[in-house]
Amino acid sequence: MSGKYKNNKDSLLGKIYGSQNFLTSKRLLERIVRKSTITKNDIVIEIGTGKGHLTEVLCRKADYVFSVEIDKKLYKHAKERLKNINNLKIICGDFMKYHLPDKGKYKVFSNIPYYLTTKIVRKLTQNPNPPSEIWLVMEKGAAKRFLGIPSETKYSLYLKHRWKLDIAYFFKKEDFHPKPSVDSVLLHFLRK
C-alpha cells in the first residue's frame, strides 16, 4: 500500500471514527481513579476499553467492570491482555447501542472519544436509570459548555437541575498518546 493511499485512508478513518487519545501512565490513571468514589461495592461501566490501561486500574477499585469497545482490534488486544482479571467483562460493540442497566446502582468512568461527547453525556444523563456518578475525560471546551461557562444554555441548565458537575482534574496534552490538539479535563457528574 502506498504511503499516499495509507495516509488518505487513515485520514478518512479518523473523520469517521474520531481520533483516539490514550492515557497510559499507570501513575496518572491511578491518580484520577483515586479522585472517584469507586469502591469494591460498585459496578462500573467503561466506554471504550482501548488498550486496557484504565480498565485494569478500574478493576482493582471496583466490584465489577463492564467495558464496551467498538474497535475489534483493540477489543481482541484488551481481551488477551486482561484475560486473568476475574471481575471484568469486555463487550465488543458500540456504546451508543449498548443497553444501560434498567435497575440497580452503577457508576461510569471513561476516557471517551471526543467526537461523541455530547451524545454520550445525553445517553448517560437522560437514561431512565442513570448512573449515580459519572467521570468522563473530555475536551475542556465541552466540559465548560456543560458547566454553563461562559454562559448558560438550555442543556447546561437541564444538567444542573439534575446533576452536580465539577472539573475533577486538568490534564496536560503530554499525558496522552498521541498528544491531542485540545486541552482535556476529567468532568465529574454527581446525580442529585
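This is a guided tour of a predicted model, with suggestions on what to select at each stop.

**First stop: strand β5**

Begin by selecting residues 107-111, which form strand β5, and notice that this strand is mostly covered, since 5 of its 5 residues are buried. If you show the side chains, you will find that K107, F109 and N111 point one way from β5, while V108 and S110 point the other way, and that all of these residues are buried.

Now add the strands on either hand of this selection, beginning with β2. Strand β2, which covers residues 43-47, pairs with β5 in the parallel sense over 2 bridges, and within this pairing I45 stands opposite V108. Next select residues 133-139, which are strand β6; this strand runs parallel to β5 and is joined to it by 5 bridges. Which residue is the bridge partner of V108 in β6? The partner there is I134, so keep V108 highlighted while you look at I45, which stands opposite V108, and at I134, its bridge partner in β6.

To follow the chain from β5 to β6, add helix α5, residues 117-125, and you will see that β5, α5 and β6 together make a right-handed β-α-β unit.

**Second stop: two loop residues, D42 and S132**

Select D42, which lies in the loop between α2 and β2. Is D42 buried or exposed? With a relative accessibility of 13%, D42 counts as buried, because the limit for that word is under 20%. A polar atom of the D42 side chain lies 2.8 Å from the backbone nitrogen of T39. Apart from residues up to four places away in sequence, D42 touches T37, A62, D63, Y64 and K107, and the last of these belongs to the β5 strand from the first stop, where K107 is buried.

Then move to S132, in the loop between α5 and β6, which also counts as buried, at 11% relative accessibility. When neighbours within four places in sequence are left aside, the contacts of S132 include K105, Y106 and K107, and also W163, F189, L190 and R191.

**Third stop: the nonpolar cores**

The largest nonpolar core has 28 residues, and those with the most contacts inside it are F95, L124, L136, M138, F146 and F189, which you can select together. Among the elements that give two or more residues to this core are β2, α5 and β6, as well as the helices α6 and α7 and the strands β7 and β9. A second, separate core has 26 residues, and I32, A62, L82 and L88 are included in it.

Return to F146 in the largest core and display what surrounds this residue: beyond its neighbours within four places in sequence, F146 is in contact with T117, T118, V121, M138, Y155, S156, L159, L165 and L187.

**Fourth stop: helix α4 and its surroundings**

Select residues 72-81, helix α4, and colour its buried residues, which are L74, Y75 and A78. Why do these residues lie on the same side of α4? They cover an arc of only 100 degrees around the axis, and this places them on the same side of the helix. On the other side of α4, K72, K73 and K76 are exposed. The buried residues of α4 pack against β1, β3 and β4, so add those strands to your view. At the start of the helix, a side-chain oxygen of D71 comes to within 2.9 Å of the backbone nitrogen of K73.

Strands β3 and β4 run parallel and are joined by 5 bridges, with L88 in β4 as the bridge partner of V65. Together with α4, these two strands make a right-handed β-α-β unit.

In the loop between α4 and β4, select K83, which is exposed, with a relative accessible area of 52%. The side chains of K83 and E80 are joined by a polar contact of 2.7 Å.

**Last stop: P180**

Finally, select P180 in the loop between β8 and β9, a residue that counts as buried at 8% relative accessibility. P180 and F22 are 158 residues apart in sequence, and their C-alpha atoms are 9.5 Å apart in space. Leaving aside its neighbours within four places in sequence, P180 is in contact with N21 and K173.

Definitions and conventions. Residues numbered from 1 in each chain as written. Predicted model: local features only at pLDDT ≥ 70, side-chain atom pairs only at ≥ 80, totals over all residues. Heavy atoms only, no water. Buried < 20%, exposed > 50% of the residue type's maximum accessible area, 1.4 Å probe, protein only. Helix = DSSP H or I, 4+ residues; strand = E, 2+ residues; numbered from the N terminus. Pairing = 2+ DSSP bridges. Right-handed = clockwise from strand over helix to strand, strands pointing away. Polar contact = N/O pair within 3.5 Å; in protein donor to acceptor, adjacent residues only side chain to side chain. Contact = heavy atoms within 4.5 Å. Core = buried A, V, L, I, M, F, W, Y, C linked by side-chain atoms within 4.5 Å. Arc of directions from axis to C-beta.
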